[in-house]
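Please take a careful look at the structure below, which the following paragraphs walk through element by element.

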Amino acid sequence: MSKEKESVLEGFKAFLMRGNVIDLAVAVVIGAAFTNVVNSVVKGLINPVVGAFGTKDLNKYSSCLKSPCETNAAGEVISGIPIMWGTVLSAVLTFVITAAVVYFLMVLPMAKYLARRARQQAAKEDVQEVMEVSELEVLKEIRDALVAQRSGSGQSTS
């Protein structure tokens, strides 16, 4: 049973040391920090722009499903069923901005880099293949010359 525990611990240690866990941890930390930046952009830039056309806070936009919607001073609903579509719109905008920034600043440049690297690797492989083919042709020519030389010298001595 101790061997089983050791193998489980060794497997866990190997899992941690693979590097994927560290990459994932860094991604989570960066993602959390980036979420704060995006939320600030939505609250500081987008909400005021939307506020120019209506209320100053996008989260205040709502409709009432069952009229009349009444709230107390604390913002708690007393009667009616409010649909808080402004909150949903704010979350969707946050998601779209986050996705756009991740795509244009991280995914797209990485894809271009990997495509360029693949083209360079393919070009190197093509050069290598051409060199191998030319080497093979030279070796065939040497072989043919040696065979011809042997055949020629063999016929004159016979």
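In this predicted model, a convenient place to begin is Trp85, which sits in helix H3. With a relative accessibility of 37%, Trp85 is classed as partly exposed, because that class covers values between the 20% limit for buried and the 50% limit for exposed residues. Trp85 also belongs to a nonpolar surface patch, whose other members are Leu65, Ile81, Ile83 and Leu89, and the five residues together present about 460 Å² of accessible area. Both strand S2 and helix H3 contribute to this nonpolar patch, each with at least two residues.

From the patch one can turn to the strands. Strand S1, residues 63-71, pairs with strand S2, residues 77-83, in the antiparallel sense, and the pairing extends over 5 bridges. Within this pairing, Cys64 is found opposite Pro82 of S2. The two strands make up a hairpin in which 5 residues lie between S1 and S2, and in the turn Gly75 adopts a positive phi of about 90°. How many of the 9 residues of S1 are buried? The count is 0, so that S1 is hardly covered, where buried means under 20% relative accessible area. In a regular strand, side chains alternate between the two faces of the sheet.

Helix H3, which spans residues 85-157, carries a feature of another kind as well. Asp126 lies in H3 and, together with Glu125, Glu129, Glu132 and Glu135, forms a negative patch on the surface. The relative accessible area of Asp126 is 47%, which makes this residue partly exposed; Asp126 can therefore be counted in a patch, since its value is over the 30% that patch membership requires.

Charged side chains also meet in a salt bridge, of which the structure holds 1. Its partners are Arg143 and Asp144, whose closest N and O atoms are 3.1 Å apart, and this pair qualifies because the separation is within the 4 Å limit. Neither partner is buried: Arg143 is partly exposed at 47% relative accessible area, and Asp144 is likewise partly exposed, at 43%.

Finally, helix H2, covering residues 20-51, includes Pro48, which counts as partly exposed with a relative accessibility of 43%. Between Pro48 and Leu58 there is a separation of 10 residues in sequence, while their C-alpha atoms are 8.3 Å apart in space.

Technical notes
Residues are numbered from 1 along each chain as its sequence is written. This is a predicted model: local features need pLDDT of at least 70, side-chain atom pairs count only at pLDDT 80 or more; totals for chains, interfaces and linings use all residues. Side-chain values use heavy atoms; hydrogens and water are left out. Patches are made of residues with over 30% relative accessible area and no salt bridge: like charges are joined within 9 Å, nonpolar side chains (Val, Leu, Ile, Met, Phe, Trp, Tyr) within 5 Å. Accessible areas come from the Shrake-Rupley method with a 1.4 Å probe; for residues, only the protein chains shown count as cover. Lys and Arg count as positive and Asp and Glu as negative; His and the chain ends are not counted. The place of a charge is taken as NZ of Lys, CZ of Arg, CG of Asp or CD of Glu. Helices (H or I, at least four residues) and strands (E, at least two) are DSSP runs, numbered from the N terminus. Buried means under 20% relative accessible area, exposed over 50%, partly exposed in between (1.4 Å probe, protein chains only). Two strands pair if DSSP finds at least two bridges between them.
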